[in-house]
Structure formats: structure tokens, C-alpha cells
Amino acid sequence: MLLIGNGPTITRDENNPFLPDGCVAVDGALIAEVGDTAEMKGKYPGARFLDAERNIIMPGFINGHTHFYSTFSRGMPGKYPPAQNFAEVLDRLWWKLDKALTLEGVYYSAITALVDCVKNGCTTVIDHHASPLHVAGSLFEIEKAARLAGIRASLCYEVSDRDGAEIMKQGIKENVDFIDHAARSQDDRVAGMFGLHASVTLSDETLALCREAMGDRDAGYHVHVAEGPADQEDSEAKYKKRVVERFRDFGITGGKSLFIHCIHLNDKELDVIGQTGTAIIHNPESNMGNAVGCAPLLKICERDILTGLGTDGYVSDMLQSYKMANALQKHHNKHPNVAWGEIPTMLFENNAKICARYFKTPVGKLAAGYSGDVIVSDYNPPTPLSDANINGHLLFGTEGRSVVATVAAGKVLMRDRRLTELDEKAIFAKAREVGAKVWEAV
Ligand SMILES: [Zn+2]
């Protein structure tokens, strides 16, 4: 038994949202009980005690969409003329970088990103991967890294026509192989989805092949949707349909599918997403950085579409995404009082609901039966803290690197900002060597 106590505790459990001096008892991989520190210490006298030292105790964060391989873009020298639009961002950056990845590059970009997750208190991640010249086995390399880092991960491979039929077919096979492998794994630490790049790089023939390969597997599709305007222009020109109508017609929508971005959608498409139970992931920093526009989040939330928050490979810090999403909606809607409720709901409730579609073990709450994913954040509130103003304190007073301790599935991964299981310096030194080789190949 592990106790994490002695701090204000934010549980995200509606029956017991806030304890001024809380303590979480974790038995094996699951939370057994949440109560007051003195009470828990009395009840479990032999338990290990992780002292939060009056810092905030809360559930580990969840990232709804990222790309681990983007780690190797950090500081990458620009070999090509600067991109003038989003299509050129893909062509001159991401599609050059992902082709330079070997399986070693896949592993080291993933393990460093996953260490960064631990250091930012993020304990569950949904990733979308591409390494077109080394497709076979790539998801299994990422799984190895996720297991070593102690992070729960949903993985998929992005199928696309951009590199020809052979690589497209390898992508389909990697998805199916990994979905079946993850379904057989008993410990619920990994899940597989069927990854697709975006409508603009997927022909009707390819979508039909994907649908056929998926068969009756209930894994869901993970796909970028109307990120830039080109996705819609291409779909309307080639197929006389909007992107979401096209995906619906191929059976890509549904209660297991994740539609990423959803910026350039009309009302009818939003209705289809709502009616089919498809979930959306919003990635504000990426959208601003790529200058692709702002998702119509207020309209999306009016329709009761399950919408979560991701980082799209920019960072592993969900609080950075939280801050960006908050400011972006106010800026875009030219109103200082919008989205105060919607954004925290996405991060603190919906990301967990989305994970419940892929993992059996519930995450995102400090409550009995939930995964023992508990973090401690260095924060001393300068004003009163209660269940009524938690989200404001987190928004304006904390960041990912405020996290001083990370526990995932009952295992202490970081304490006093030092990894307990891994040699971080050695991993990053090796990653820099591998990264240099990847840059040479870009
Ligand atoms: Zn993405």
C-alpha cells in the first residue's frame, strides 16, 4: 500500500471534490480509498508514505492527441525554404522528419517524449505515429518505450497515400497488428487505434481498404479532420462531399473514433459528429502555430460532442494546452467571458471519458477503483483554495513543471523531480546521438 498525502487534494470526484488535507491510498495499481491524511495513516499503519509537503495532490493528466516523434523536430536546422502555408509545413517539416526516422529514432523520440510526460505529470497519452520508411514494428517500439516510462498509451499508425501503395499497405498492417496485440495484453497499459492521416492524403480506395482491414474490430479511427482549409477544398473537388460526410460514408465516424482539430467544419458536419458519438480533440497551440484557424469550440460544446484537449506534439504539458485553449477562445470570440467552463471540462473530465472508450481501468479521478495515477504539484496558493476555484488556481498558478511527484498505476515514477526508475541523463544523451543522425537524413 502506498499513501500520497499531506496536501490539498483535488479529486475530480463529484461526490468528494476537495479535501484540505487529503491522502490517496493506492493498493497495487488501483486507488483503494481517498480520505484525510491522519485518518488514512491510522488505517494503513504499514503503508509507504509519500509526503506532498502541503503541495497539491491531484489525478495525473491525460493528453488526448500527440505525436511522440515530433521530439526530434526540436531545434532542427531548416534545410528547406520556410513554409508559407500549412501544406508546406507538412511537406517541408513533418514529412521530411518522419521519413528520416529509423526504428531506433522512433524509440528514442518516444522515450524522451514519455519521460517529458512523467516530468509534466501526464500519465495517459493518445499518440499518432508516422515513420514511412520503417513502418513495421514501429508501434511495438513505442509500446516498449511507454512500458519502460510507466505511461499508459493508445497508439496508432497514420495511414496515408503520400508515399505510395506499398507504404500505405504497411501502415494498415501495422495498425491491425498492434490493435490485435494490444487487445491480447492483459494489463490494460496499451490500446491500439486505427490511425489515418487526413482526408487530403487518403483516396477512396485506401479508405475502403482500411475499413476492410479493420473488419469487426471495435478500436476506432484516429484521424486529423479539417485542420487546414485544403482538406475541405480537396474533398469537395474530388469527392463532391465535405470531409466529415466522406468519413461517415466510409464508417470512420463512431463512438470509438477520434477526430482531431475539426476547424473548418460546417453545422451539418458538426451534427454528423454529434449524431455518431464521435469525439473531438482540440489542440490550440498547434492550431495557432500552424496558422490554420480556431476550432468552433463553443458550437461544438453546444452540441454535446465529447471534446477533449491535446498538444499535437508541441509539448507534454497539459497545463500549457489549458492556458492556450482558454486564451484562444476569448481572443477568437472577441469576448473575455467565454469558455470558462468548457475548457476545464475538456481537460479534467472529457479526456478521462475519452480514455474510458479505450481502456478498461478508469483514469482521471482520485476515487476507489480508479488507476493509481496521482501527481503532486508544487503550489502554495496565495489566496483561498476550495473546490469552487480549483480550475482558476491551476490555470493561473501552475504549469506542467510544477509537478514534483508522479505516480502511475501505483508506481512512483518521479519524486522531487527526479525519475526513480530511469537514468534520464543517459537516455537523453543517447537520444541526442540518434537525433543528430535523424537530422542528417532529413
Ligand atoms: Zn496531430
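# Working through a predicted model

Helix α5 (residues 165–184) packs against helix α6 (residues 204–214) at an angle of about 25°, and their axes are 10 Å apart. Keep in mind that this is a predicted model. Let's start with that pair.

**Exercise 1. Work out how α5 and α6 are oriented, and which residues bring them together.**

Solution.
- Step one: two packed helices are described by the angle between their axes and the distance between the axes. Here the angle is about 25°.
- Step two: angles under 35 degrees count as roughly parallel, so α5 and α6 are roughly parallel to each other.
- Step three: look at the handedness. The crossing of α5 past α6 is right-handed.
- Step four: find the residues. α5 brings M168, I172 and V176, and they meet T206, L209, C210 and A213 of α6. Sorted by class, that contact has six nonpolar residues, one polar and no charged ones.

**Exercise 2. Do the same for helix α3 (residues 103–119) and helix α15 (residues 424–441).**

Solution.
- Step one: their axes are 9 Å apart, and the packing angle is about 140°.
- Step two: roughly antiparallel needs an angle over 145 degrees, and α3 and α15 are therefore oblique to each other.
- Step three: α3 passes α15 in a left-handed crossing.
- Step four: on the α3 side you'll find E104, G105, Y108, I111, T112 and V115; on the α15 side, E424, I427, F428, K430, A431, V434 and V438. The classes come out as eight nonpolar, two polar and three charged.

**Exercise 3. Two residues, D188 and A339, have an unusual backbone angle. Say where each one sits, and whether it is buried, exposed or partly exposed.**

Solution.
- Step one: most residues other than glycine have a negative phi. D188 isn't a glycine, yet its phi is positive, about 65°. A339 isn't one either, and its phi is near 65°.
- Step two: place them. D188 is in the loop between α5 and β9 (190–192), while A339 is in the loop between α12 (318–333) and α13 (342–355).
- Step three: count neighbours. D188 has 15 C-beta neighbours inside 10 Å, so it counts as partly exposed. A339 has 21 inside 10 Å, so A339 counts as buried; the cut-off for buried is 20 or more.

**Exercise 4. Describe the surroundings of H282.**

Solution.
- Step one: find H282 in strand β13 (residues 279–282).
- Step two: there are 31 other C-beta atoms within 10 Å, so H282 is buried.
- Step three: list its contacts. Leaving out residues up to four places away in sequence, H282 touches A295, L297, T307, L309, A325 and M346.
- Step four: try a distance. From H282 to A219 it is 21 Å, C-alpha to C-alpha, with the two 63 residues apart in sequence.

**Exercise 5. Zoom out: decide whether the chain's radius of gyration agrees with that of a compact globule.**

Solution.
- Step one: take stock of the protein chain, which has 15 helices and 18 strands.
- Step two: a compact globule of 442 residues would have a radius of gyration near 22 Å; the chain has 21 Å, so the two agree.
- Step three: add the dimensions. The C-alpha trace spans about 65 × 45 × 45 Å along its principal axes.
- Step four: check the inside. Of the 442 residues, 53% are buried. Among contacts with a separation of 6 or more, 75% link residues 24 or more positions apart.

Note on methods
Residues are numbered from 1 along each chain as its sequence is written. This is a predicted model: local features need pLDDT of at least 70, side-chain atom pairs count only at pLDDT 80 or more; totals for chains, interfaces and linings use all residues. Helices (H or I, at least four residues) and strands (E, at least two) are DSSP runs, numbered from the N terminus. The radius of gyration is taken over C-alpha atoms; the globule rule is 2.2 Å times the number of residues to the power 0.38. A residue is buried if 20 or more other C-beta atoms lie within 10 Å of its own, exposed if 12 or fewer, and partly exposed in between; C-beta atoms are placed from the backbone. Two residues are in contact if their C-beta atoms, placed from the backbone, lie within 7 Å. Axes are lines fitted to C-alpha atoms, for helices over the stretch in contact, and angles run from 0 to 180 degrees between N-to-C directions. Angles under 35 degrees count as roughly parallel, over 145 as roughly antiparallel, 65 to 115 as roughly perpendicular and the rest as oblique. A crossing is left-handed if the near helix is turned anticlockwise from the far one by less than a right angle, and right-handed if clockwise. Ala, Val, Leu, Ile, Met, Phe, Trp, Tyr, Cys and Pro count as nonpolar, Asp, Glu, Lys and Arg as charged, and the others, Gly among them, as polar.
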